[in-house]
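These are my notebook entries on a two-chain model, made with the sequence and coordinates open beside me. I record what I looked up and what I found.

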Amino acid sequence: MDGIADMGGTDGWGAVAAPTRDEPVFAETWEGRAFALTLLTMGRVSGQNLDAFRHALERLDRTAYLDDGYYGRWLNAAELMLTDSAILAPGAIDARARKLRGEDVEEPPVPEPNKPDYAPTAAGSLRTVEDAPRFAVGDMVRAKDVSPAGHTRLPRYVRGHTGVVEVIQPAALLPDTHAHFQGENAQHVYSVRFDSHELWGADAESFQLTIELFESYLEPVE
Amino acid sequence: MSTTEPTARIPASLRTEALEQLLTERGLVDPAVMDKFIANYETNVGPLNGAKVVAKAWTDPEYKKRLLDDGTAAIKELGFAGPQGEHIVVVENTPTTHNVTVCTLCSCYPWPVLGLPPSWYKDPAYRARVVKEPRKVLSEMGLDLADDVEIIVRDSSSEVRWLVLPERPAGTENLSEEELVPLITRDALVGVAKVQAP
């Protein structure tokens, strides 16, 4: 998706916040509760997975993504996974919240759960791929210039650009299908190194950048 | 800026309480389990773990070699493993090369060694800008690098997680591993700061 979550290289965010030394892990109590609720319901209650969580995040609108900060977006993504799996009815959280603050609200009935037909083949995301890697360290590769409708971990700012394979990382399940419960489709993963001028033009700062790209995101450069 | 709150907006704190109540009353989550889960990330899983890894690497050349060869295994030697730490790659900062890490698509971060990410790491400004103008961003954060230092930005887009092995500062040659640990900050392990001598 080309949603709000794909932030690399976008403008208009202002200055970077200066780090502080002793920032609390959770600035407010609810943030810790939202963190725990998200991780404790993602698999066991919603029957979903980490990639589906990231897809839920990228489906949020600008308000839901930004306005309550990092754990606000976790809360909203958890709600999306819970309603997608029909553990909660749409609007159930808001109705309960209004009730908690004393409003007279009718709550939606609890729906019949409809979890995805999905089970992981193993814990975590690392998998074994029998086929040899298509690319070798030092190969020039191009990130495909595509704009997938569903989940992807191929950000816009590298699409269409050419880099060099720096490291072949352990193979892993493909988020693009795993997020949609369409199979793990494990692939080789490459750390690809890009020159800043390839990404941002002749006037850019000079630096190097590496990013992990799945094999199907890449095409050879002759 | 508007001075009135949109009437439809319910505070995240209240929505979180509502969600917890909805799930708890149906037995789908246990508040006591949540308490333990939260406390673990508030007290045990944090940047002190990463500082211990780095202090050991600075004082034990064999460990440093193992750490750069296979970060995940060397980190596990010290007992640190878990979610968001399936495959950790450690990269060394030197007088001529400076690595800095980010996750532009969400806020992926090596939890077993650094804990949960700080606010600036999750901030759109950092995520958006450090892959486009890292030297400027680092300067805004208080780290001015010499022009001849090569910057390598590490964007964590898969389950690979990056940990920076910062330079050991001059003037710390006589300090022990234990004395080095408190000098090593989270910011240096992400690459937005250097470790300072005491």
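**Entry 1: domains of chain A**

I took the centres of domain 1 and domain 2 of chain A over their C-alpha atoms and found them 27 Å apart. I note at once that the model is predicted. The domain assignment places domain 1 at residues 1-113 and domain 2 at residues 140-220 of chain A. I then looked at the contact between the two domains, to which domain 1 of chain A gives 11 residues and domain 2 of chain A gives 11 residues. On the side of domain 1 that touches domain 2, I listed five charged, four polar and two nonpolar residues.

**Entry 2: confidence**

I checked how far the prediction can be trusted. The model has an ipTM of 0.97 and a pTM of 0.96. For chain B, I found a mean pLDDT of 95, with 96% of its residues at 70 or more. Residues 1-6 of chain B have pLDDT below 50, and this stretch makes zero contacts in the model beyond near neighbours in sequence.

**Entry 3: chain B as a whole**

I recorded 11 helices and four strands in chain B. The C-alpha atoms of chain B fill a box of roughly 55 × 40 × 30 Å along the principal axes. Of the 198 residues in chain B, 48% are buried. I also looked at contacts in chain B between residues at least 6 apart in sequence, and 72% of these join residues at least 24 apart.

**Entry 4: where the chains meet**

How many residues of chain B are in contact with chain A? I found 62 residues of chain B in contact with 59 residues of chain A. Elements of chain B that each supply at least two residues to this side include helix H1 (12-25), helix H2 (31-43), helix H9 (134-140) and strand S3 (150-155). H1(B) gives the most, with 12 residues. By class, I recorded 32 nonpolar, 19 charged and 11 polar residues on the side of chain B that touches chain A.

**Entry 5: the sheet**

I traced an open sheet of seven strands with mixed pairing, in the order S5(A)-S1(A)-S2(A)-S3(A)-S4(A)-S3(B)-S2(B). The edge strands are S5 (218-220) of chain A and S2 (97-102) of chain B, each of which pairs on one side only. Neighbouring strands of this sheet are turned by 35° against each other on average, direction ignored.

I then followed the pairings from the chain A edge. S1(A), residues 140-143, runs antiparallel to S5(A) and is joined to S5(A) by three bridges. In this pair, the bridge partner of A:Val141 is A:Pro220. S3(A), residues 187-195, pairs with S4(A) in the antiparallel sense over seven bridges, and A:Val192 stands opposite A:Ile211 there.

Which strands pair across the two chains? S4(A), residues 208-214, pairs with S3(B) in the parallel sense over four bridges. I noted two bridge partners in this pair: A:Gln208 stands opposite B:Ile152, and A:Ile211 has B:Asp155 as its partner in S3(B). On the far side of the chain boundary, S2(B) and S3(B) run parallel and are joined by six bridges. B:Ile152 turns up again here, as the bridge partner of B:Asn99.

I asked whether S4(A) is enclosed or open. Six of the seven residues of S4(A) are buried, so this strand is largely enclosed by the rest of the structure.

**Entry 6: positive phi in chain A**

I looked up two residues of chain A that have a positive phi without being glycine. A:Ala86 has a phi of about 55° and lies in the loop between helix H4 (69-84) and helix H5 (92-100) of chain A. Is A:Ala86 buried or exposed? It has 15 C-beta neighbours inside 10 Å; a residue counts as buried at 20 or more and as exposed at 12 or fewer, so A:Ala86 is partly exposed.

A:Phe181 has a phi near 60°. I located A:Phe181 in the loop between helix H6 (175-178) and S3 of chain A. With 16 other C-beta atoms within 10 Å, A:Phe181 is likewise partly exposed.

How values were computed:
Residues numbered from 1 in each chain as written. Chains lettered and ligands numbered in written order. Predicted model: local features only at pLDDT ≥ 70, side-chain atom pairs only at ≥ 80, totals over all residues. pLDDT = per-residue confidence, 0-100. Contact = placed C-beta atoms within 7 Å. Nonpolar A, V, L, I, M, F, W, Y, C, P; charged D, E, K, R; others polar. Pairing = 2+ DSSP bridges. Axes fitted to C-alpha atoms, helices over the stretch in contact; angles between N-to-C directions. Domains from an automatic or database assignment.
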